Amino acid sequence: MEDQSRRDLFKIIGSSMVLSAAGSGVLSPALAQHVHAEVAAVKSLSGGPNYAPKGFNRHYFNTLRKLADLIIPKDDHSAGASDAGAAEYIDFLASRNAELLAIFNGGMAWVDGYMRKTYGSDFLTAKPDQQTALLDKLAYTKNHTPEVAAGVPFWTWVRNMVVDAYYTSPAGVKDLGFVGNGAMAVFSVPKEAVDYVMSRSPLA
Amino acid sequence: MFQAQPKTEIHDVVVIGSGAGGGTTVKVLTDLGMKVTLLEAGPMLNPFTDFKEHMWPWEVDHRGVGPNAENYFGKDIYPFGYFLAPNGYWNIPGEPFTVAPGSEFKWFRSRIMGGRTNHYGRISLRFSDYDFKPQQFDGLGTDWPVTYDEMSPWYDKAEDFIGITGTREGIRSAPDGKFLPPVAPRVHEQLVQRAGKRLNIPVIPSRMAMLTKSIHGRAACHYCGQCGRGCKTASAFTSSQAMIFPAMKTGRLTVISNAMARAILVDSAGKANGISYVDKITRQERTIKCRAVVVAASACESARLLLNSKSTKFPNGLANGSNQVGRNLTDTVGHAVSGIVPALEGTPRHNSDGIGGMHVYIPWWELDKKNKDFPRGYHVEIGGGFNMPQIGSFRGVAAKAEGYGTKLKDDVRRFYGSQVSFSGRGEMIPNADSFLDIDPVAVDQWGIPVPRFHFKWSQYELKMVQHMHNTFKELIETMGGRVTSPDLPANLNSAISIGGEIIHEAGTCRMGDDPKTSVLNKWSQAHEVPNLTVVDAAPFNGNPDKNVTLTIVANAWRAAEHLAEEIKKGNV
């Protein structure tokens, strides 16, 4: 797309015109497509090592990053949750909601307490198999024991919010293969996708 | 500087409300060269800054849960999500309503230029011949003083102007209109079509107010699927962009936004001659004088306004000699069932955005079936596809699929796009227990007495929900899927939508030939006050399973042309 069109585009998008009479001042599909290309580029939402947590102290923020990457790890398919900014997302909201902050501070303090009692070190410094041993107890109903019951509500919170954060990030959208939010001149459905589904269905 | 103004400027026609009915009136009258003044209780709309079309969730820090994490604590500050068009809510601070003991009702208000048309689903279905004559059809409800044949040319005009997708099918419960080309069915929709074929349920191209071709200077759809967020290209119909903004350009429309109507004023002869309203920004009380009033504030707000417009001539509320203002309140019956369809798991990724909402739907198919245990019927809306991920999109799968790590990632990937949902939208028969009156003690922050709602579903609607549930379950299972929604509870009242929740309120100023039993005549003029017209869904004598907006536009168009003629003849 030519630079001139791009400038027009952003002028239109940013326009404070009150009136958008029919047929004027509206986005053409080509221009709309360009907006999507601009914003769909996968980028990291992580604040990086210099990020200053707004709600949590540094220790809990780092614990949260670790938990996020255990819940949604980097794999050969896509990036992990910490790179997708999951910890920053939760930190931002916790800084604005005291109830949420207490849930996460309390939950991570419980996790550290459990780890110290069981392994003699907090969650962050424990060995990877010790970390996952706790998560296995929290994550599966069949493993729930009275000993970990107090950690389960926090687990539900952190898992839900990490999932939310990840799949609303560029990395998560790429992982899912969402290719929409664009502009099409004609809507069409690939035959390959139809054939795939029909052949697997009882209605073939 | 002092601005000289004539002491009693008299406006020609004042329209109250800028949604489908008000927008149509404004368009038709200004097209006919008349001068119109529009009062809207909300602010002016700027699509370029107010619509969040094309925004990704990560473009906002809170990704859509609310700046203080409200969504996580059950405080839904955005009724349809952060990214949806400015739309209003069931609860508006300072503008309460009350619900009578034993009733449940949610009153949606959209205070913005264009009203609910900015965000509505844009499903555009003509009412059928029998919908206009329900009493003749099966003895229930009251007949409209208008037939389908009389309404049909107005549907033509509405469709020609709005632009509606569809195909001619020759189905009595889904009359054909003047359609733009349909949109190709998505993968899951093609699977539903096959399931429908097996079960003998018709699944036909949907009739939606999106432009598959450019008309009237509005650009054709670019298929981003985000119509609900508001469309910057105006390819999805709104009264704000398609009707009101162009009317403003004619110079014949005066817009007064943030104007909350308090009462319609009458002269000694009983003719409407003005509006008393509150300027919400300054809290100034204002009055404008006019020759005719068109009320299109939404069914319940319009009834409230008439009931609050008491005078010595109309002690019971304006135009309420029949006692029918506020009565016959209906909403649409809603019930939905979702399922996971394994055949869809792992579908090769592609862009399934299309137009916002379904590309195919199920019109009512058992019209001729005998021995049903409920009258009339419902249509079915179909959901699914690769939607843009949002906060909460995967909470269901996360809750069901235990675990974490690469297993969780795999589960979410497999689940994505494999969900199909069916939403029934059915007809409620007006009943004596469902109406609104004015609360004897409560007022809103403008000092205006608020409505009190009385609402009850009858066995007709509850039995329909049973039928919906069984049908949707059968469809999902025919596709090889498994239902993920809960089973129907023994008390069907907890499975049916709450009154007002589907936002299709109608019937509160019904039309009729007899002034003793109806509020409005066949032209939507008040029997007792000929220069007062009501043109939202309040005039409807019933609320068929065919969403109200298209009929609001057709009826308002018809009423506006009639009003213009009457004004020309000097009758109004």
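**Exercise 1. Find a salt bridge that joins Lys409(B) to a residue of chain A, and place it in the whole contact.**

Step 1. Start at Lys409(B): its side chain meets that of Asp75(A) in a salt bridge, 3.2 Å from N to O. The term stands for a side-chain nitrogen of Lys or Arg within 4 Å of a carboxyl oxygen of Asp or Glu.

Before going on, a word on the ground rules: this is a predicted model, where local features need pLDDT of at least 70 and side-chain atom pairs count only at pLDDT 80 or more, while totals for chains, interfaces and linings use all residues. Residues are numbered from 1 along each chain as its sequence is written, chains are lettered from A and ligands numbered from 1 in the order in which they are written, and side-chain values use heavy atoms, with hydrogens and water left out.

Step 2. Now count across the interface of chain A and chain B: the rule finds four salt bridges.

Step 3. Look at who takes part on the chain A side. Helix H7 (residues 152–167) of chain A gives the largest share, 10 residues. Helices here are DSSP runs (H or I, at least four residues) and strands are too (E, at least two), numbered from the N terminus.

Step 4. Add the totals. Chain A puts in 88 residues and chain B 86 residues, with contact meaning heavy atoms within 4.5 Å. About 7,400 Å² is buried between them, and carbon and sulfur atoms give 63% of that; buried area is the accessible area (1.4 Å probe) that two parts lose on being put together, summed over both.

**Exercise 2. Work out how chain A is built.**

Step 1. Tally the elements: nine helices and zero strands.

Step 2. Check the burial: of the 204 residues in chain A, 48% are buried (under 20% relative accessible area, 1.4 Å probe, protein chains only).

Step 3. Check the contacts: among those between residues at least 6 apart in sequence, 63% join residues at least 24 apart.

**Exercise 3. Is Ser239(B) buried or exposed, and which residues is Ser239(B) in contact with?**

Step 1. Locate Ser239(B) in helix H7 (residues 239–249) of chain B.

Step 2. Read off its relative accessible area, 0%, so Ser239(B) is buried.

Step 3. Skip the neighbours within four places in sequence, and the contacts of Ser239(B) are Ser18(B), Gly19(B), Ala20(B), Gly23(B), Gly114(B), Thr117(B) and Ile244(B).

Step 4. Zoom in on Gly19(B): its backbone oxygen lies 3.2 Å from a polar atom of the Ser239(B) side chain.

Conventions
Buried means under 20% relative accessible area, exposed over 50%, partly exposed in between (1.4 Å probe, protein chains only). A polar contact is a pair of N or O atoms within 3.5 Å; within protein, one must be able to donate a hydrogen and the other to accept it, and residues adjacent in sequence count only if both atoms are side-chain atoms.
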